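Colleague: Hi! Could you walk me through this one? I'd like to start with the helices and then look at some backbone oddities.

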Amino acid sequence: MTADVRRSPTLHDVARAAGVSLATASRVLNGSDRKVAESYRERVEKAADELGYTANASAQATARGTSAAIALLVADIADPYFGQIAAGVARGADEEGLIVTIAITQRDPEREAKILRALRGQRPRGVILAASRTDDGETRTADELDAFRHLGARTVAFGAGADRSIRIDNRDGAERLGREMARLGYRRAIAIGAADGVRTSDDRLAGFAEGFTAGGGALARTYRGTFERESGAASMADALRDGVDAGTLVFALSDVVAIGAMTAIREAGRTVGADIAVCGFDDVPASRDVTPQLTTVRVPLGELGYQAFRATVDAQWQQSPVELDVLVRDSTPVVTP
């Protein structure tokens, strides 16, 4: 016995039910710029609703030249940094009746270019690149973004290389964090960053070293890994094997990496805070949930995601000022003489 599968209503069915031509029904439901009399529009929309008709996305893209989608490329959706950005983009898309397509680049230039090439066929309204990239992939990505421009899609990047840019002054925020840690009395620090050439990491490491040194501290050594929590734990374990004196400060390029470092410190039988201090960057929600709460630099990630969306759809757009705030918490207590 075979299952009774209902046939999905077609555009022909809608046109027949509304008493209009197929062309008229298509103009109403597939987003054509050609005007349709309001009485016809109401009849078509009523018939589509009663029949349960869903417009074909490919047909809409053909009629409009673009689809009702915004493409968002992130490095890792499990990272709360990108989760907050995605939430901001989704908020903007909801306001405009658009949808968000998310793709994961894993910070791989080849993968990023391949994804962009595949997305071209979907004709998204705009493309947002949120992942921190390296100079290595700049040319390949630039070629793909040029192709989107020819299709009329606006491109937005966190950093440079697109039609419009979302700027975060990572270096300045880290520099102010470094100065504040020196003001609290810290004089020895180690840093945990990502691979050389990753801009976000490089800017944050350079800024922290500049501010900490200017305040009278010294950055003893730097460990390199990735943006993942596990990498923070592994780098901290390496540092502990090399020797970490009590009173040392650990600066991690992100809160996620810092939380991994805190785990390694505890597993080694050391104490986070009074023994080994730790600070991060971003102020993801988990930074307030760990014990002790993590000192960090607050980046308004959700608002930046919303601004990135607006940059894809607003003809006249300028980025609003981005305030980065140093938040001192219990993971970096004041050093007593």
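Modeller: Happy to. One definition to begin with: the expected span of a helix is 1.5 Å times one less than its number of residues. Keep in mind too that this is a predicted model.

Colleague: Okay, so how far does α10 reach from its first C-alpha to its last?

Modeller: α10 has 14 residues and reaches 20 Å, close to the 20 Å expected at 1.5 Å a residue.

Colleague: And what span should α11 have, going by its residues?

Modeller: For α11, with 13 residues, the expected span is 18 Å, and its end C-alpha atoms are 18 Å apart, so the two agree.

Colleague: Nice. At what angle do α10 and α11 pack?

Modeller: At about 45°, with their axes 7 Å apart; α10 covers residues 229–242 and α11 covers residues 255–267. The angle is neither under 35 degrees nor in the 65 to 115 range, so α10 counts as oblique to α11. The crossing of α10 past α11 is right-handed.

Colleague: Which residues make that contact?

Modeller: From α10 you have R229, G232, A233, M236, A237 and L240. α11 brings V256, V257, I259, G260, A261, T263, A264 and I265. By class, the contact of α10 with α11 has ten nonpolar residues, three polar and one charged.

Colleague: Any pattern in the spacing along a helix that I should have in mind?

Modeller: In general, an α-helix has 3.6 residues a turn, so residues three or four places apart point the same way. With that in mind, have another look at G232, M236 and L240, which are among the α10 residues in the contact.

Colleague: Is α11 mostly covered or mostly open?

Modeller: Mostly covered, with eleven of its 13 residues buried. The buried ones are D255, V256, V257, A258, I259, G260, A261, M262, T263, A264 and I265.

Colleague: Which residues of α10 are buried, then?

Modeller: Those are S231, G232, A233, S235, M236, A239 and L240. What covers them includes α11 along with the strands β6 (188–194), β7 (218–225) and β8 (249–252).

Colleague: What comes just after each of these two helices?

Modeller: A glycine with a positive phi in each case: G243 just after α10, at about 105°, and G269 following α11, near 80°.

Colleague: Let's jump to α1 and α2. How do their axes cross?

Modeller: They cross at roughly 110° and come within 9 Å, with α1 at residues 11–18 and α2 at residues 22–29. An angle from 65 to 115 degrees counts as roughly perpendicular, and α1 and α2 are therefore roughly perpendicular to each other.

Colleague: Who meets whom there?

Modeller: L11, H12, V14 and A15 in α1 meet L22, A25, S26 and L29 in α2. That contact of α1 with α2 has six nonpolar residues, two polar and no charged ones.

Colleague: Good. Now for the backbone oddities: what should I compare against?

Modeller: Most residues other than glycine have a negative phi, and most peptide bonds are trans. R107 has a positive phi, near 55°, and R123 has one of about 50°.

Colleague: Where is each of those arginines found?

Modeller: R107 is in the loop between β2 (99–104) and α6, while R123 is in the loop between α6 and β3. R107 is at 27% relative accessibility, so it counts as partly exposed. R123 is also partly exposed, with a relative accessible area of 34%.

Colleague: And which residues does a cis peptide bond join?

Modeller: T291 and P292, with omega at about -5°. P292 sits in the loop between α12 (286–289) and β10 (296–298).

Colleague: Two last spots. Is G121 buried or exposed?

Modeller: Exposed, because its relative accessibility is 68%. G121 is in the loop between α6 (109–120) and β3 (126–129).

Colleague: And L205, buried or exposed?

Modeller: L205 counts as buried because its relative accessibility is 9%. L205 lies in helix α9 (residues 199–214).

Colleague: What does L205 touch beyond residues up to four places away in sequence?

Modeller: A191, I192, G193, T222, R224 and F251. L205 and T222 are 17 residues apart along the chain, and their C-alpha atoms are separated by 8.8 Å.

Terms used:
Residues are numbered from 1 along each chain as its sequence is written. This is a predicted model: local features need pLDDT of at least 70, side-chain atom pairs count only at pLDDT 80 or more; totals for chains, interfaces and linings use all residues. Side-chain values use heavy atoms; hydrogens and water are left out. Axes are lines fitted to C-alpha atoms, for helices over the stretch in contact, and angles run from 0 to 180 degrees between N-to-C directions. Helices (H or I, at least four residues) and strands (E, at least two) are DSSP runs, numbered from the N terminus. Angles under 35 degrees count as roughly parallel, over 145 as roughly antiparallel, 65 to 115 as roughly perpendicular and the rest as oblique. A crossing is left-handed if the near helix is turned anticlockwise from the far one by less than a right angle, and right-handed if clockwise. Contact means heavy atoms within 4.5 Å. Ala, Val, Leu, Ile, Met, Phe, Trp, Tyr, Cys and Pro count as nonpolar, Asp, Glu, Lys and Arg as charged, and the others, Gly among them, as polar. Buried means under 20% relative accessible area, exposed over 50%, partly exposed in between (1.4 Å probe, protein chains only).
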